[in-house]
Amino acid sequence: MALKQPKAEGKILLVDDDPGLLRLLSIRLRAEGYEVEAVESAHLALGVLHRFSPDLVITDLRMDKMDGIGLLKELQTRSPGLRVVIITAHGTIPDAVTATQHGAFGFLTKPIDKDELMALVERALKVSGTVDVEEDWASQIITRNQAVKEILQQTKMVAATDARVLITGESGTGKELLAQAIHNASDRRNKPFTAINCSAMAENLLESELFGHEKGAFTGATRSHEGLFQAAEGGTLLLDEIGDMPMRLQVKLLRVLQESQVRPVGSTEAKQIDVRVVSATHRDLQELMGQGRFREDLYYRLNVVNIKLPTLDERREDIPLLVAHFLQQIALESDQERKVYAPEAVEMLVTAEWPGNIRQLYNIVRQNVALSRSPVISGELVQQSLGEHAGKLASFTDARDEFTRNYLSQILQITTGNVSQAARLAKRNRTDFYKLLARHELNPDAFKTR
């Protein structure tokens, strides 16, 4: 019995003033399992945009009142990251160039070939996605990743309290943005939000910046200085890279957290403070405690609530959204026309390795914008920028085969190469199990103890 093919997933908005073509495309796409909404004008498309929340828009180029390029521009403003495919009856080179220069993912010519349509839809959905509009407090966190959305829900709940939060995650994952979001969602939002990197300055300078100092407290202290704990009064203080704070200052910080008082360097008088402390680190604080480099009592003071941010590799579906956001941001900053990536360039970004996470992605986008002589950033330029980090995401088939091979190897290790026992564990008959082993080039004898 043949296995039933899984249905495709994705929501597609069709826009065309030809009812016959709309009906034909709807039938073809629905037959493949896509959810389809079909409308006969650009204005109707904009009207259903947020209700339907499409993953892809396929629109005719030539339409009355607002044409396909006009709709494309409007969609780029309302739903950054949403992919748009343009249909043209002529298929002329100027039409294709115009569509691409304005950020279209691709274009189809009438009469539309079914295989070409499905191939383009599949490619577009791999690198497409719209971002849900978050409330103002989290507007800088661009995502459609479910794990990040759950983190935002947790963040909003925590923000309503005064609990201290420890944000962990690799460098470049957006820890400071999340700390800012905590502040924005809290009752302290109208008071200062201040951040300091505990690894970016010498110990004495860090002590002065955090706790302040009196005039004459040390050489060069020509006037009194209010520390960040006092400057952030009533608000939120982010201690970034807390894992790099020197031990002597950890002791002083612990006392501040215990007593809600700060004593500036050179002063005999403690000053009362009301500051929410959020800390962040890319280091493993448990490991640092084991090495005697981080105080256990301080750890438990800071780690009342722990929020761990995923890496960019763990939220690849956000890459097109982040890229669109960065392109818009750079265009506004430079007061220049917004550039776009060629489809193959976006695919490269989505499948690349990102050890530097979102910060590295931003730097790559900024570099690409600066070096691209065309409004369309090419795949070649992206390839050069990524260098050794250019990668290729495994196909579904390859990933499934790798899982199956690992699963079979694990069972053979457990049974020390006994095929009958391994087949029973896998709930497969012996003949089928042998075929699986042969297909994945696994020899049971290699797992037998000698």
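## Exercises on a predicted model

The protein chain holds 19 helices and 14 strands. Keep in mind that this is a predicted model.

**Exercise 1.** Work out what share of the protein chain's residues count as buried, and what supplies its exposed area.

*Solution.* Start with the residues: the chain has 450 of them, and 48% count as buried. Next, turn to the surface, where the protein chain exposes about 23,600 Å². Carbon and sulfur atoms supply 48% of that area. Finally, look at the contacts between residues at least 6 apart in sequence: 70% of these join residues at least 24 apart.

**Exercise 2.** Find the buried residues of helix α2 and name the elements they pack against.

*Solution.* First, locate α2 at residues 42–52. Then pick out its buried residues: Ala 42, Ala 45, Leu 46, Val 48, Leu 49 and Phe 52. Now follow their contacts, which lead to two strands, β1 (11–15) and β2 (35–39), and to helix α3 (68–78). As a last step, go just past the end of α2, where Ser 53 takes a positive phi of about 50 degrees.

**Exercise 3.** Identify the residues of the negative patch on the surface, then decide whether Asp 17 is buried, partly exposed or exposed.

*Solution.* Begin with the members of the patch: Asp 17, Asp 18, Glu 40 and Asp 64 gather there. Place Asp 17 next; this residue sits in the loop between β1 and α1 (19–31). Its relative accessibility is 36%. Buried means under 20% and exposed means over 50%, so at 36% Asp 17 counts as partly exposed.

Terms used. Residues numbered from 1 in each chain as written. Predicted model: local features only at pLDDT ≥ 70, side-chain atom pairs only at ≥ 80, totals over all residues. Heavy atoms only, no water. Buried < 20%, exposed > 50% of the residue type's maximum accessible area, 1.4 Å probe, protein only. Helix = DSSP H or I, 4+ residues; strand = E, 2+ residues; numbered from the N terminus. Contact = heavy atoms within 4.5 Å. Patch = residues over 30% accessible without salt bridge, like charges linked within 9 Å, V, L, I, M, F, W, Y side chains within 5 Å. Areas by Shrake-Rupley, 256 points an atom, 1.4 Å probe, with all protein chains shown as cover. Salt bridge = Lys/Arg side-chain N within 4 Å of Asp/Glu carboxyl O. Lys, Arg positive; Asp, Glu negative; His and termini not counted. Charge placed at Lys NZ, Arg CZ, Asp CG, Glu CD.
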